[in-house]
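Welcome, and please have your viewer open with the selection tool ready. We will walk through a few stops together, picking something new to select at each one.

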Amino acid sequence: MSHRSSAMTRKVRIVDVFTDKPLFGNQLAVVLDAKGMPIKLMQRIAREMNFSETTFVLPPKDPANAARVRIFTPHKEVPFAGHPTIGTAWVLATEGAVPEGAAEFVLEENVGPVKVRCTQEAQRLMFWMTHPTVTFGQVFPHAQVAAAIGVDVADVVPSAPAQIASTGLPFLFVALRDPSAVDQATSDRSRLEKLLPRRLTDAVFLTAANGPNRLYSRAFALDTSEDPATGSASGPLGAYAVKYGLIERAPKVEIVSEQGTKMGRQSFVHIELAYGESKDIPERIEVGGSVMPVVSGTLAEFS
């Protein structure tokens, strides 16, 4: 992989992730050849792009891995995120930055090594990433959560706790009675600040069963009003949905979570879970989806 120092030669790609249609899904900017770029400049570029995340590709610390990837929101660097991992993997593969035909490779993110794999499905590439083991945390009162997201407490599934879960980034998961209740929810920062303690999480993920092995979802955060597709949440989402009966339990579970529809950027996040001895903690969690190219260019020279 070539990593040049001149900003004039740094290529940037904009892609839509978790969609097979351009101008849908979740937008991502990928800056290639980011070796030597100061962290402050990375943050300024991410703020300029103003997508939910921008990634910067650097040489790997371990030469056996494909690349080191740093992920920035417009406000801060994050250790791990889903659609940036999937989108960056697609860009690296299509740019020839991984060995041709490689079905699996590893990206070094701040959370640690993240394994990704590629499959060919219906004339398109699907990229999958492996999530770390899921953990479940604090439970929040349904009435408090309902008030914060602007729905009636009767809209919350009574048998499913509103609970924090994480495979690297924590989210507060809330199960609602149907997709219409999910669409009725509103993202209000002042209400969310009262609900979400930043030391635990800064995001709430709403979901509802929408047919066999289908979920309909939305994600709100303190720094992002709504996210059209959240890969980092979708791994723990699958485990949460099976644990509390939104999705039928089986040794292998395949789920499709539709997200972003309400905001006009429909996305489809694919989730695969494998269960062994534990009925609540999957032995394997993978999240995958398609990627569509949108823009290819270079960064101007600046410092």
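Two strands count as paired if DSSP finds at least two bridges between them. Keep that rule in mind for the first stops, and remember that this is a predicted model.

**Stop 1: strand 10.** Select residues 162–166, which make up strand 10. Are its residues buried or exposed? Five of its five residues are buried, so by the cut-off of under 20% relative accessible area the strand is mostly covered. Now color its two sides separately. In a regular strand the side chains alternate between the two faces of the sheet. Here A162, I164 and S166 sit on one side, while Q163 and A165 sit on the other. Both faces are covered.

**Stop 2: the neighbor before.** Add residues 135–140, which are strand 9. Strand 9 and strand 10 run antiparallel and are joined by four bridges. To see one pair of facing residues, select V139 and Q163: V139 stands opposite Q163 of strand 10.

**Stop 3: the neighbor after.** Next, add strand 11, residues 170–175. How many bridges pair strand 11 with strand 10? There are four, again in the antiparallel sense. Pick A165 and F171 to find two bridge partners, with F171 on strand 11. Then follow the chain from strand 10 into strand 11: the two form a hairpin with three residues between them. In that turn, click on G168, which has a positive phi of about 150°.

**Stop 4: the largest pocket.** Keep F171 selected and add E53, L169, D202 and A221. Of the 33 residues that line the largest pocket, these five lie nearest its centre. Strand 11 gives two or more residues to this lining, and so do helix 2 (82–94), strand 13 (214–221) and helix 6 (231–243). The space inside is about 500 Å³. Coloring the lining by class gives 15 nonpolar, 10 polar and eight charged residues. Where does this pocket lie? Color domain 1 (10–131 + 291–299) and domain 2 (135–280) separately: both give residues to the lining, so the pocket lies between them.

**Stop 5: the second largest pocket.** Finally, select N50, F51, S52, T224 and E226, which lie nearest the centre of the second largest pocket. Its lining has 14 residues, and its volume is about 170 Å³. By class, the lining divides into four nonpolar, six polar and four charged residues. With your domain colors still on, look at the lining once more: domain 1 and domain 2 each supply at least three residues.

How values were computed
Residues numbered from 1 in each chain as written. Predicted model: local features only at pLDDT ≥ 70, side-chain atom pairs only at ≥ 80, totals over all residues. Heavy atoms only, no water. Buried < 20%, exposed > 50% of the residue type's maximum accessible area, 1.4 Å probe, protein only. 1 Å grid on protein atoms, 1.4 Å probe; cavity = no way out; pocket = protein on both sides within 12 Å on 5 of 7 lines; lining within 4 Å. Points joined across faces, edges and corners; volume = space filled by probe spheres on them. Nonpolar A, V, L, I, M, F, W, Y, C, P; charged D, E, K, R; others polar. Domains from an automatic or database assignment.
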